[in-house]
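Work through the following exercises with the sequence and the model open side by side. Each task is followed by a solution that proceeds one step at a time.

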Amino acid sequence: MTEPKKKQLRTIDAPFVALGPSGVAIRDRLKHLTPEDDKVLRLVGEHLGSLASRDLASRCRDGSDHSTDTWAARKQGLTAASSSRWAGSITKTSHDQWALSRRCQLAHIQNLEAGVRTLMHRLSLPLGEKGTKRAAGGYRSKGEWFQKTRRLATLEHRLDVARAEREAAVVHVVRGSRKLLNTRHNLSAAQLTEPEWRERWEAERWFLAADGESGKPFGNETIRVTAAGEVSIKLPAPLAHLANAKHGRYALASKTAFAHRGEEWADRVEANRAVAYRIHLDVERGRWYLTASWQRPVVQTMPLATARAKGVIGVDTNADHFAAYRLDAHGNPIGDPHRFPYDLSGSANHRDAQIRHAITQVLHWAKSCGVAAIAIEDLDFTAEKTREKHGRKKRFRQLISGIPTGKLKTRLVSMAAESDMSIVAVDPAYTSMWGDQHWRKPLTAPRRKMSRHDAAGIAIGRRALGHPIRRRTAPPRHHQSDGAGHRTVQAGPGDREREETRPPVTERAHDARRRPGHQKGTRETSASKTVRDARSAGQWVQDSLLLTD
């Protein structure tokens, strides 16, 4: 009888400490603006926005033929209609938008290629053939098979068009967001009128952003914010007549005071270090905001061994909550599981606020536990939510699409750095399955309800600590064998046979007798074969006397 083949597991990547944030952004509202301030901001934003639109169109036309000469010509043309620094900010923004579009174009091509491969594989299988965990099976009916052939033809056409555009360096960019552009055709669903949509569209296409420059007064010569909070703007040349300050500048009546990271911002401003600023209008609220941002060197907060020293908090990310469990340095779960819910429905601002609130709760609990690190899965669903891969599992596709993996990692790393905590990223392979298999049932108690997600948090934490996910075999009872045996002791990751099952007592005894150097006892504890045969026949036999010294 042949033994069944064992499932081939993929290689598990080693855990690592996530790098700290590479930049900082803070925002404050511009309050008490006069009607003249509002008018000037709108005129400047509209004028620079039109220049930015023309420059982005020129950059897209250049495509792969872009060079320093074409960049210099574009900047020179913009300088005459604005200023040298405004022209530099506009051209840099155009380059960043074009590069981002190229990256998105490549991701779109890879997604189409994955869909085509999946469809071709499923169409090549007989109808009704069952699939496996690694590959989908055949389609269930002839009608579905025919519809998928049409779907395949559509994807192949889209793929050919996308490849041709990439070879020709053609990208499609929408200033003002494609989502808002498409909203124009669904105003009733968005509960907007045409004038309201037009106001939002124009505000999104304004340009009021300037990069910082070290060595210049207060770190930015174009949009200047002093340490006292006074905001002034360098007006473009056609609007220089609106200046109310020296050197063609317009000073706003509002003063800003950043409540979050205000001291760090003030230190940079007083030292004349570069700070980038962006002014934008929230049309829905009718408020102006000022955003300040700057870069800082990316450093590793602490080594992996230091992060593991006091244990970790294992966090399993789900569609509506964080499932967290505390583990000590040996990988043993401590206390009860904790769940931190959040709601990802509603607007983007509401979802972002929910994520921040849940992360704040996790960080506060981790600080109270005294640990130095939080373990989380290095999730990435960019290639795992196509309908070609998951078929009719629409609810599952919506589930994984709703998990904000990218924003979650960015938020968590940034907020943990402010709390002097590290984030240990682990491979997400098999954490839910193995956690449920080895930890859910043993930790379930009348007063402790364990879910699959809670057990996954333990698996994530043990992987971050360098321990295997599988539980240690429980020791025998005190009245059996050697009492409370060695199984309660945590073996090191490099110890051999640390996960083997305990052999029977008789087998261990026989192994001990076969060890070299084992000496036979001086007393004969078993009867001879003749005596045993006589006793089995019902005869009384006198035992031999034991002679001892």
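**Exercise 1.** In this predicted model, decide whether Arg163 counts as buried, partly exposed or exposed, and then describe the salt bridge that Arg163 forms with Glu113.

*Solution.* Begin with accessibility: a residue is buried under 20% relative accessible area and exposed over 50%. Arg163 has a relative accessibility of 35%, so Arg163 counts as partly exposed. Its partner Glu113, at 24%, is partly exposed as well. Next comes the distance, for the closest N and O atoms of Glu113 and Arg163 are 2.8 Å apart. Finally, place the pair in the chain: Glu113 lies in helix 3 and Arg163 in helix 4, so the salt bridge ties together parts that are 50 residues apart in sequence.

**Exercise 2.** Locate the salt bridge between Lys92 and Asp96, and state how the two residues are placed along their helix.

*Solution.* The closest N and O atoms of Lys92 and Asp96 are 3.1 Å apart. Both residues belong to helix 3, which covers residues 84-123, and they are four residues apart, or about one turn of the helix. An α-helix has 3.6 residues a turn, so residues three or four places apart point the same way. For the accessibility, Lys92 is partly exposed with a relative accessible area of 40%, and Asp96 is partly exposed with 42%.

**Exercise 3.** Which distant parts of the chain are linked by Arg261 and Glu418, and which residues share one network with them?

*Solution.* First establish the salt bridge itself, in which the closest N and O atoms of Arg261 and Glu418 are 3.0 Å apart. Then find the positions: Arg261 sits in the loop between strand 6 (249-255) and helix 8 (262-270), whereas Glu418 sits in helix 13 (residues 405-418), 157 residues apart. Arg261 is buried, with a relative accessible area of 14%, while Glu418 is partly exposed at 39%. The last step is to follow the shared partners, through which salt bridges join Arg261, Glu264, Arg296 and Glu418 into one network.

**Exercise 4.** Give the order of the strands in the six-stranded open sheet, and explain why one side of strand 1 and of strand 11 is left without a neighbour.

*Solution.* The strands follow the order 1-13-12-9-10-11, and their pairing is mixed. Strand 1 (16-17) and strand 11 (333-341) stand at the edges with a single partner strand each, so one side of each has no neighbour in the sheet. Within the sheet, strand 12 (residues 373-377) and strand 13 (residues 422-426) pair in the parallel sense over five bridges, and Ala375 has Val424 in strand 13 as its bridge partner. Helix 10 (residues 348-369) packs on this sheet, where it touches strands 9, 10, 11 and 12, and its direction makes about 10° with that of strand 10.

**Exercise 5.** How many of the 14 residues of helix 15 are buried, and how does the span of this helix agree with the expected value?

*Solution.* Twelve of the 14 residues are buried, so by the under 20% cut-off helix 15 is mostly covered. Among the buried residues are Asp454, Arg462 and Arg463. From its first C-alpha to its last, helix 15 (residues 452-465) reaches 20 Å, close to the 20 Å expected at 1.5 Å a residue. Just after helix 15, Gly466 takes a positive phi of about 90°.

Note on methods:
Residues numbered from 1 in each chain as written. Predicted model: local features only at pLDDT ≥ 70, side-chain atom pairs only at ≥ 80, totals over all residues. Heavy atoms only, no water. Pairing = 2+ DSSP bridges. Contact = heavy atoms within 4.5 Å. Axes fitted to C-alpha atoms, helices over the stretch in contact; angles between N-to-C directions. Salt bridge = Lys/Arg side-chain N within 4 Å of Asp/Glu carboxyl O. Buried < 20%, exposed > 50% of the residue type's maximum accessible area, 1.4 Å probe, protein only. Expected span 1.5 Å × (residues − 1).
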